[in-house]
Amino acid sequence: MSDFQHAPDAPWIFRTYAGHSTAAKSNALYRANLGKGQTGLSVAFDLPTQTGYDADHILARGEVGKVGVPIGHLGDMRTLFEAIPLDRMNTSMTINAPAAWLLALYVALADEQGSPRSTLQGTTQNDLIKEYLSRGTYIFPPEPSLRLIGDMVAWCYRETPKWNPINVCSYHLQEAGATPEQELAFALATAIAVLDTVKAGGQVPDEDFDVVCSRISFFVNAGVRFVTELCKMRSFTQLWDEILRDRYGVKDPKARRFRYGVQVNSLGLTEQQPENNVYRILIEALAVTLSKDARCRALQLPAWNEALGLPRPWDQQWSLRLQQVLAYETDLLEYEDLFAGSHVVEAKVAELKAGALAQLAEIDALGGAGTAGAIGHMKQALVGANAARVRAVESGDLTVVGVNRWTDTETSPLSAGEGSIETVDPKLEAEVVGRLKAWRAARDQAAADAALRDLKTAASEGRNVMEASIAAAKAGVTTGEWSGALREVFGEYRGPTGVALVISSEGGEDEDAVRAEVERVSAALGRTLTFLVGKPGLDGHSNGSEQIATRAAAVGMAVVYDGIRSTPDEIVARAKESRAHVVGLSILSGSHLDLVQEVVRLMRAEGLDDVPVVVGGIIPPEDSLILKQMGVARVYTPKDFKLTGIMGDVVKLAEAAALTEA
């Protein structure tokens with residue numbers, strides 16, 4: 001061996017993001033994946049759990065078990081990790097607003113198992129600022145949300161020193177359209193806001209602040225432009241080192257290391273020719289593994305068919321095998337950094353750092369990432385960046401193979417026929433609700449009530465809520481009850497939509513033609529064509545609805561868009577109040593059949609059955625047929641990427657409905 005080649009380094013942690021249906025089914029999936037060589041768990045929770053609702057809440061209808069596992073109480077956590085010793089597992093939990101609660105359940109279970117808290121290893125995502133900006137599973141306003149993060153950081157460094165209490169998450173920023181400079185700046189601004197909160201909270205002595213800094217981890221995205229992405233990761237490592245050294249005075253170089261995990265880009269996965277996604281995923285994985293000086297600590301890869309629906313176990317295995325081939329069959333791990341001294345890489349890193357620092361300065365000038373002004377500024381910037389990306393795909397300036405170039409294809413045997421994606425049995429929701437009610441009936445109600453009172457007192461008095469949350473978990477309190485108690489103390493939050501952005505009129509001839517049609521039809525209607533865009537249920541992925549709303553405004557429609565998390569009743573009431581000519585529903589969580597059926601039923605009950613309904617989301621062909629049988633006029637999926645064409649459809653539907661009524 002030499003100074004540039006050596007025995008292979010240990011590989012990163014192999015993870016698969018998984019969880020669905022029920023805790024029991026997810027446990028079986030985890031144990032199977034561990035048996036195939038996976039070396040860590042990455043838990044996906046369903047939307048009711050992520051937003052702090054029990055499975056029997058009205059907003060949970062149709063959402064239970066769809067995008068992850070429902071965890072309502074300690075009994076569910078026991079089932080989820082049955083025969084999985086927590087003291088020997090590295091567990092990542094993608095949970096944010098109720099992160100303190102899910103960690104409390106995990107710790108309570110570890111106490112039951114006899115696993116010392118000091119041995120627990122893993123991560124809670126716990127990044128609320130990116131929830132306001134891109135993912136939408138927030139509950140509380142920014143200030144109490146940062147306070148809860150501070151409580152977890154302070155508690156974990158004492159009680160669970162191997163646990164990462166926060167995983168600052170730039171992943172969803174890129175999914176929302178962030179440029180590399182925005183992803184760098186917005187993530188680092190979030191980390192600064194968290195560290196400032198911890199410092200101001202007084203729970204951590206100054207002499208231990210280095211320890212706290214060393215437990216801050218990041219969760220990033222890697223897109224297909226892998227040279228830029230590789231340079232972005234090197235920029236992250238340098239900027240984080242500089243921020244901790246210069247802003248916080250952290251002297252230990254090990255405490256200043258940029259520790260990060262990755263899921264590579266899902267935004268770029270295509271419904272058209274989905275087999276091409278395998279190559280995209282591999283290229284994106286190289287961006288975070290090739291450079292030793294900026295190599296990820298953990299990697300989870302999406303499945304090739306995620307743009308079609310929920311992946312099957314075989315699809316997840318394929319992604320795991322890709323990691324194993326890269327780590328064990330190649331000689332990648334035998335070499336020192338391959339890019340050290342590259343003038344090209346160094347120049348690109350310098351350019352990215354300069355752009356990120358300029359945006360960081362803007363956020364600082366607005367009071368920091370936790371302020372309403374900065375959140376609104378960042379949200380609007382993301383919507384604008386995503387609008388530019390969408391236009392580039394539509395125009396062909398940004399090539400996407402199989403989407404806007406080389407679209408002719410043979411039929412793929414991989415995605416044909418029944419069983420090509422995983423489906424969730426609709427009867428499982430009733431079973432989960434039944435078990436939840438049985439859990440409530442069997443517990444000591446007085447103990448649960450007392451634990452909730454103690455939790456509210458701790459929150460009201462500004463004390464750390466972690467021990468009160470663990471006590472509540474052991475007393476049988478449910479996810480909805482824990483969140484409800486803190487909602488009473490902290491209140492709830494509605495995030496900015498970002499669609500107030502002024503959209504340029506440089507949309508080309510197609511957009512001009514649709515704008516002219518909007519003017520013509522509006523004149524015939526006697527008022528501006530009104531398009532209501534609704535997000536029913538708990539799905540917080542608002543990128544698509546925001547782009548539809550901004551494009552509708554750009555072609556001259558009156559747009560009604562209230563953001564995420566509306567009930568069907570609220571959407572129908574808003575449609576009636578605004579006298580909407582067309583109602584558009586965006587649902588990406590797989591709950592489209594239940595939610596659309598309820599919206600259509602309520603519209604008929606309110607005399608709005610003449611108002612056309614269009615639906616967009618990740619919708620399998622068989623579900624599209626069912627939606628049309630319900631009366632839905634149009635169904636759009638990711639393959640329908642030309643937004644101006646969709647606007648043209650909306651105009652035609654509004655005109656046809658008016659003529660029918662006349």
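**Figure 1. Helix 24 lies across four strands of a sheet in this predicted model.** Welcome to the first close-up, where helix 24, residues 643–661, lies across strand 11, strand 13, strand 14 (613–616) and strand 15. Its direction makes an angle of about 165 degrees with that of strand 15.

**Figure 2. Five strands make up an open, parallel sheet.** Reading across the sheet, the strands come in the order 12-11-13-14-15. Strand 12 (558–561) and strand 15 (634–636) are the edge strands; each has a single partner, so one side of each is left without a neighbour in the sheet. From one strand to the next, the twist averages 20 degrees. As a reminder for newcomers, strands of a sheet pair through backbone hydrogen bonds, either parallel or antiparallel.

**Figure 3. Strand 11 and strand 13 pair side by side in the sheet.** Here you can follow residues 530–534 of strand 11 along residues 582–586 of strand 13, with four bridges between them in the parallel sense. One place to look is Phe-531, which stands opposite Val-582 of strand 13.

**Figure 4. Ala-83 and Arg-565 both have a positive phi.** Most residues other than glycine have a negative phi. Ala-83, which is not a glycine, has a phi of about 65 degrees, and Arg-565 has a phi near 65 degrees. Ala-83 is found in the loop between helix 3 (74–80) and strand 4 (90–94), while Arg-565 lies in the loop between strand 12 and helix 21 (568–578). Is each of them buried or exposed? Ala-83 has a relative accessibility of 60%, so this residue counts as exposed. Arg-565 is buried, because its relative accessible area is 10% and the cut-off for buried is under 20%.

**Figure 5. Ala-191 is a buried residue of helix 8.** Helix 8 spans residues 180–201 and includes Ala-191, whose relative accessibility is 1%. Which residues does Ala-191 touch, leaving aside its neighbours within four places in sequence? The contacts are Val-168, Phe-218 and Trp-240. For a sense of distance, Lys-251 is 60 residues from Ala-191 in sequence, and their C-alpha atoms are 18 Å apart in space.

**Figure 6. The largest cavity has a volume of about 70 Å³.** The count of cavities of 30 Å³ or more comes to four. Around the largest cavity you will find Val-278, Ile-281, Pro-302, Ala-303, Trp-304, Asp-315, Trp-318, Ser-319 and Leu-322. Helix 11 (277–287) and helix 12 (313–329) are the elements that give two or more residues to this lining. Helix 12 provides the largest share, four residues. By type, the lining of the largest cavity has seven nonpolar residues, one polar and one charged.

**Figure 7. The second largest pocket has a volume of about 860 Å³.** This pocket is lined by 40 residues, and those that lie nearest its centre are Arg-259, Tyr-260, Arg-295, Cys-296 and Arg-297. Many elements meet the eye here: strand 1 (13–15), strand 4, strand 5 (121–124), strand 8 (216–220), helix 10 (226–246), strand 9 (260–263) and strand 10 (298–300) each supply at least two residues of the lining. The lining of the second largest pocket divides into 16 nonpolar, 12 polar and 12 charged residues.

How values were computed: Residues numbered from 1 in each chain as written. Predicted model: local features only at pLDDT ≥ 70, side-chain atom pairs only at ≥ 80, totals over all residues. Heavy atoms only, no water. Pairing = 2+ DSSP bridges. Axes fitted to C-alpha atoms, helices over the stretch in contact; angles between N-to-C directions. Contact = heavy atoms within 4.5 Å. Buried < 20%, exposed > 50% of the residue type's maximum accessible area, 1.4 Å probe, protein only. 1 Å grid on protein atoms, 1.4 Å probe; cavity = no way out; pocket = protein on both sides within 12 Å on 5 of 7 lines; lining within 4 Å. Points joined across faces, edges and corners; volume = space filled by probe spheres on them. Nonpolar A, V, L, I, M, F, W, Y, C, P; charged D, E, K, R; others polar.
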